[in-house]
Amino acid sequence: MLNHLSAALALFPRRLLGSSPKTWTRGCRRLLGGMEPAVVRCLPGEPKLTISFCLNGSQKHMLRDQDEALGKVLARISNGIIKDQTKPKKSKKNKGQQPSEASEPAAVKLYLGGDEVPDTTLNSEAWQDGTVLQVGDVKYSVQRNPPTVTTAELPGSLLAGFPVCPKLELEFGNLQDCEFTWFLEKVPDTSPEAAVEVPAQDSGWTEVGCGRVHVPSNQDIGRRLKLRCIPKDGARSGPAKELVSVGAVEAGPGVCTFDNRHAYTVREAEWPAVRVVSYNILADVYAQTELSKTVLYPYCAPYALQLDYRQNLIKKELAGYNADIICLQEVDKGVFADSLTPALDAFGLDGVFRIKEKQHEGLATFYRRSKFKLLSRHDIMLSEALTSDPIHAELLEKVSANSNLKDKMLQRSTTLQVSILEDVNKPDRKVCVANTHLYWHPKGGNVRLVQMGVTLQHLSHVISEVAPGAPLVFCGDFNSTPNSGVFQLVSEAAVPQQHSDWSSSGPEDACNMELLSTFPSLLSACSQPAYTNYVGGFHGCLDYIFIQPESMQVEQVIPLPSHQEVTTYEALPSVAHPSDHIALVCDLRWNP
């Protein structure tokens, strides 16, 4: 039976099958000169192909063997039509009606260039792009592996003044080539005259924009959005896909803490300068706990802690920085895949993600694809690297002198994300971008020192082995203030054995040792702000972008929000700021 092939539905793009037959064919008809489309998905190496077309208002989906003779498929289509015609209608009016007599078999043929394709031809060879399937009097233009939308979703929350970035995935297509049209729901006309008028097709929608991203206005509040996407690959087009938002556009928060900062980042940094962002965006797995709602952030309106709301703010903030490299911490796995990747891809950035072991969040690094190409990744879990990589043998021996400290270190799932990027304009220029989020506990200074020792040794090894001479850009939430041992180790290249952080969790965990950096002194590109984390019970500088001053110079530091902006709603996060941290943003002059 043509309509109930579950295997076919599993192979054919699900989102496309969710469309009604009218929606599915509407975008194709004008592309095919009025002829209906028959979409064939046939890939080398796969045993099956799928054939989909609309007949008598019903969508047909067939799953057939690639090495089967064409004649069997055509006979199956013909027999399916006869079954549909003789089947009694399921309605009260036709209750008890006997099946009608069998009709003459419908003529079903496949043509190529006006010539009938022989029935003995294998399916894999018969169903070519441009062939014509004739079913009775109806002709279909066969599209073999056309650009197809396989995943299509609009965000659940739409705010006026904030970018709406759909999640779209294609097969046989290129998102950069697609055509996008946005529509706004019309305000219903309740006048008596409107009640007797026959509505035209799409009369309930007004075209309001084109482009992959749409920013609704305050005038759109209370109305839904619709997106029509025509998937393309160069000049080749596939069936259009339409999406309607679940909810209506809602009012935004007004002025946000990052709005004034965007005045400094209206344009991208000019080569050879590079704009870098480091930002802990507050994972949803932490924002939604009872501890967060009642103890950590009791001053924050509950709706402003909701993920959908905060994602609107985060996407607008990141897009407005026009950055070349973005390092994010506390990124939920689903947020990376379903929200940040689609949004930042639309703004020209590609990204990689590293999950934190035993957690649902991790690290994400994005880079502008017009400027950089990802050459290689060298991510590690610090505790695992300490015990398994010989380059850390000396440090492991020292740490092992105190079993308490060693155990605490090995219990941590702290991760280091390392990406080697290449300048697409000058391929011999490479940069090592590191991103991390060190242990959070206030008494964990000794653990963080060991973590940083492993980190610096690994980064030095990666650069020397993979990209000799490449400068280091080291971003992250280090959970370390400027008077910490970690900051001293990075900025002065050494931390003495008498530093108080070695006994931060008590004398029983003390492991006093001198720790040397494998790098010369690094520079905090954004200096040492009064705070990068501001919550009800704490504020301090925990986040940094470290660079090698002999390779890069600071060209511009984007000013942080004013204290008044940060404390307008008491502390962070708030209705105007999506995280408890503040993004660091700077332009670095990278010597060519």
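This briefing covers a buried threonine, a mixed sheet and a pair of helices. The model is predicted: local features require pLDDT of at least 70 and side-chain atom pairs pLDDT 80 or more, whereas totals for chains, interfaces and linings use all residues. Residues are numbered from 1 along each chain as its sequence is written, and side-chain values use heavy atoms, with hydrogens and water left out. Helices (H or I, at least four residues) and strands (E, at least two) are DSSP runs numbered from the N terminus.

**Thr-257**
- Thr-257 lies in the loop between strand S15 (241-244) and strand S16 (273-280).
- The relative accessibility of Thr-257 is 4%, so the residue counts as buried (under 20% relative accessible area, 1.4 Å probe, protein chains only).
- The side chains of Thr-257 and His-577 share a polar contact of 2.5 Å (a pair of N or O atoms within 3.5 Å, where within protein one must be able to donate a hydrogen and the other to accept it, and residues adjacent in sequence count only if both atoms are side-chain atoms).

**Sheet**
- An open, mixed sheet holds 7 strands in the order S3-S2-S1-S7-S6-S4-S5; two strands pair if DSSP finds at least two bridges between them.
- Strand S3 (58-65) and strand S5 (115-116) are at the edges with a single partner strand each, so one side of each has no neighbour in the sheet.
- Strands S4 (residues 108-112) and S6 (residues 132-135) run antiparallel and are joined by 4 bridges, and Val-108 has Val-135 in S6 as its bridge partner.

**Helices H9 and H10**
- Leu-307, Gln-311, Ile-314, Lys-315 and Leu-318 in H9 meet Val-335, Ser-339, Leu-340, Ala-343 and Leu-344 in H10 (contact: heavy atoms within 4.5 Å).

Key
Buried means under 20% relative accessible area, exposed over 50%, partly exposed in between (1.4 Å probe, protein chains only). Axes are lines fitted to C-alpha atoms, for helices over the stretch in contact, and angles run from 0 to 180 degrees between N-to-C directions.
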